[in-house]
Amino acid sequence: MKLSKEQIQYIDDYLIRLGVKFTDVRLELIDHLASGFEQSKNDVKFEDYLKSKIVFIQDFEKKRQKIIHWSYQREMWRRLAMFFYKPKYIPFTIMMGFAVYWMQQLQPNKALTLILVVSLSIIHFWAIISGYSNYKTFKKLQIAQPLYSVTTLPSLFLYSLGAAETLLENQYFFIAFWFLAILFNLAGGIEFRNKKNKILEYSKNFVR
């Protein structure tokens with residue numbers, strides 16, 4: 001039995017009353033619930049069917065959040081790996097390796113460290129500003145909630161600078177630390193940009 005537009009709207013209103021605030025979650029749940037009811041026995045009342053799915057609805061939202069979060073993390077790691085095997089990235093990776101080695105040979109001082117920190121911080125400031133400028137759209141979508149987690153791991157390099165200050169005096173640690181810091185932050189920045197653009201494109205049809 002095909003559901004009417006009124007019944008579809010009823011499902012949406014029902015989900016809102018249950019506290020499902022994200023538009024993308026409601027769209028998926030509407031599809032699941034509508035398909036499930038259409039395939040169920042005809043003697044099942046529409047309202048009773050929805051009430052029987054309350055636990056499913058609550059679990060669906062929580063599980064989807066975890067799936068999205070970890071998928072973003074995997075994408076960030078895949079992006080990082082590309083710097084070591086993708087032909088278009090490898091020249092840049094080699095160049096960065098030599099650049100960090102060269103900086104270490106120059107006996108880095110506080111000014112050089114400050115330049116490195118500011119350069120990497122720009123990525124995180126851009127992510128914050130970009131997210132704020134699209135706040136009205138992002139707050140309505142669950143897929144946008146874990147977006148900043150893409151830059152969480154890369155930012156640890158900046159937060160750990162104080163603790164690693166003594167270790168950075170070792171030339172090998174200095175090279176490894178800044179080489180990985182640059183690549184991690186670039187990978188996080190690229191993934192943030194790509195995810196942000198996909199979310200904005202996805203939202204065009206239904207988020208106002």
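Helices, meaning DSSP runs of H or I with at least four residues, are numbered here from the N terminus. The model is a predicted one, in which local features need pLDDT of at least 70 and side-chain atom pairs count only at pLDDT 80 or more, while totals for chains, interfaces and linings use all residues. Residues are numbered from 1 along each chain as its sequence is written, and side-chain values use heavy atoms, with hydrogens and water left out.

**Exercise 1. A salt bridge within α4**

Task: Determine where Glu75 and Arg78 lie and how many residues apart they are, and then state how close their N and O atoms come.

Solution. Begin with the location: both Glu75 and Arg78 belong to helix α4, and a separation of three residues places them about one turn of the helix apart. An α-helix has 3.6 residues a turn, so residues three or four places apart point the same way. Next, take the pair itself, which forms a salt bridge (a side-chain nitrogen of Lys or Arg within 4 Å of a carboxyl oxygen of Asp or Glu), with 2.5 Å between the closest N and O atoms of Glu75 and Arg78. Finally, consider accessibility, where buried means under 20% relative accessible area, exposed over 50%, and partly exposed in between (1.4 Å probe, protein chains only). Glu75 is partly exposed because its relative accessibility is 28%, and Arg78, at 42%, is likewise counted as partly exposed.

**Exercise 2. Glu191 and its surroundings**

Task: Decide whether Glu191 is buried or exposed, and identify which residues it touches.

Solution. Glu191 is found in helix α9, which spans residues 171–203, and its relative accessibility of 2% is why it counts as buried. With contact taken as heavy atoms within 4.5 Å, and residues up to four places away in sequence not counted, Glu191 touches Glu75, Met76, Arg79 and Val150. The side chain of Glu191 also meets that of Lys195 in a salt bridge of 2.9 Å, N to O; these two residues both lie in α9, four residues apart, about one turn of the helix. Lys195 counts as buried too, because its relative accessibility is 10%. Elsewhere, salt bridges that share partners join Asp24, Glu28 and Arg64 into one network, and the structure holds seven salt bridges.

**Exercise 3. The two faces of α1**

Task: Establish which residues of α1 are buried, and why they lie on the same side of the helix.

Solution. Helix α1 covers residues 5–17, that is 13 residues, and reaches 18 Å from its first C-alpha to its last, close to the 18 Å expected at 1.5 Å a residue, the expected span being 1.5 Å times one less than the number of residues. Its buried residues are Ile11, Asp12, Tyr14 and Leu15. They lie on the same side of α1 because they cover an arc of only 160° around the axis, the arc being that of the directions from the helix axis to the C-beta atoms. The buried residues of α1 pack against α2 (23–39), α3 (46–51) and α4 (54–85), whereas the face turned away from the buried side carries the exposed residues Lys5, Glu6 and Arg17. After α1 comes Gly19, with a positive phi near 95°.
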